[in-house]
Amino acid sequence: MNWGMENRLARIIKPADKRAVMLAVDHGYFLGPTSGLEDPRQTIEPLIPHADSIMLTRGVLRTSVDPNFDKPVVLRVSGGASILKELSNEDITVSIDDCIRLNVSAMALSIFVGSEFEKETLVSLAKLVDEGEKYGIPVLAVTAVGKDMARDVRYLGLACRIAAELGAHIVKTYYCDEFEQLIESCPIPVIVAGGKKTPELEALELTYNSVKGGAVGVDMGRNIFQSDCPVGMIQAVRAIVHDNVSVKEAYKIYEGAKGASAKRAAG
Ligand code: 5RP
């Protein structure tokens, strides 16, 4: 048993219920100043208390997060491409030494199955796992599939299984039809990405279906920080993941927080 590895994983996936709420704010690494994240500190500060962990780049960690905060960091360590070019052309962008200095609880890297640089990203994953194993730092693989490939159980299931086979400790993917099949064929914990902004109710349904289907939780970004009430939204997501509330109950939490913040604004 690798005690450090187990301990770090337990900070991300809470041992009490084996569930996790991860706040994703790493979008700028290929999207630049994403809507809602223009000032990362302003976005992150009110949301951190409601997240179990936060996923971000080292640049935003250093510049926009108070080192006194007590939440595990999932550090994005892959990059090198922007939306203007071939997205799969990524490499490892952070050394293991810096991950240790920054006291990260996990390292996140994207794999692009079915894309031009599939092999390179898969080999990077394997190398990162080797480094992580040396120091007890888990690796979260983020699955992306080729541009022309459907985000369905066949391709996402393939990507998740490959991530697990190469040694990833957690895999992040998208929710899809027949999601339970993906879970059954993946021997490591699966966390679901929120995806593009949708109406709040839909994002809560996605959260509910993901955990019901066997995911440990969600790693959600835009559906939280681009919401008209980000704090209400993360509270609602958290209630589904950790308190097993229904979508209807969660939506009430979001609406309640939205109403309260409108009242405060009105003075
Ligand atoms: C991008 C990522 C993002 O963290 C991920 O997509 C989650 O954010 P969102 O909920 O906005 O999709 O890994 O590669």
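In this predicted model, Phe30 is partly exposed, its relative accessible area being 23%. That value lies above the 20% under which a residue would be called buried and does not go over the 50% needed for exposed. The ring of Phe30 has a partner in Tyr29: the two centres are 5.0 Å apart and the planes meet at 70°, so the pair is edge-to-face, since an angle over 60 degrees is what that label asks for.

Three aromatic pairs are counted in total. Another of them joins Tyr251 and Tyr254, with 5.4 Å from centre to centre and 45° between the planes, a tilted arrangement. Both tyrosines belong to helix 12, which covers residues 247–266, and they sit three residues apart, about one turn of the helix. Their surroundings make a pleasant contrast to look at. Tyr251 is partly exposed at 26% relative accessibility, whereas Tyr254 is buried at 2%.

A ring can also have a charge for company. Here Arg151 lies over the face of Tyr174, 3.7 Å from the ring centre.

Turning to the sheet, eight strands close into a barrel in the order 1-2-3-6-7-8-9-10, with parallel pairing. On average, neighbouring strands of this sheet are turned by 25° against each other, direction ignored. Strand 6 (residues 106–113) and strand 7 (residues 139–145) offer a good example, as seven bridges pair them in the parallel sense. Within this pairing, Leu109 is found opposite Ala141 of strand 7. Helix 6 (residues 118–135) packs on the sheet and touches both strand 6 and strand 7, and its direction makes about 160° with that of strand 6. Helix 9 (residues 200–212) likewise packs on the sheet, where it touches strand 9 (190–193) and strand 10 (217–220); the angle between its direction and that of strand 10 is about 140°.

A last stop is Ala239, a residue of helix 11 (residues 230–243). With a relative accessible area of 5%, Ala239 is buried, because the limit for that class is 20%. Leaving aside residues up to four places away in sequence, Ala239 touches Asn244, Val245 and Ile253. Ile253 falls in the 247–266 range of helix 12, and this brings the account back to the tyrosine pair. From Ala239 to Tyr251 there are 12 residues along the chain, and 9.9 Å separates their C-alpha atoms.

Notes:
Residues numbered from 1 in each chain as written. Predicted model: local features only at pLDDT ≥ 70, side-chain atom pairs only at ≥ 80, totals over all residues. Heavy atoms only, no water. Phe/Tyr/Trp six-rings, centres within 6.5 Å; stacked < 30°, edge-to-face > 60°. Buried < 20%, exposed > 50% of the residue type's maximum accessible area, 1.4 Å probe, protein only. Helix = DSSP H or I, 4+ residues; strand = E, 2+ residues; numbered from the N terminus. Lys NZ or Arg CZ within 6 Å of the ring centre and 35° of its normal. Pairing = 2+ DSSP bridges. Axes fitted to C-alpha atoms, helices over the stretch in contact; angles between N-to-C directions. Contact = heavy atoms within 4.5 Å.
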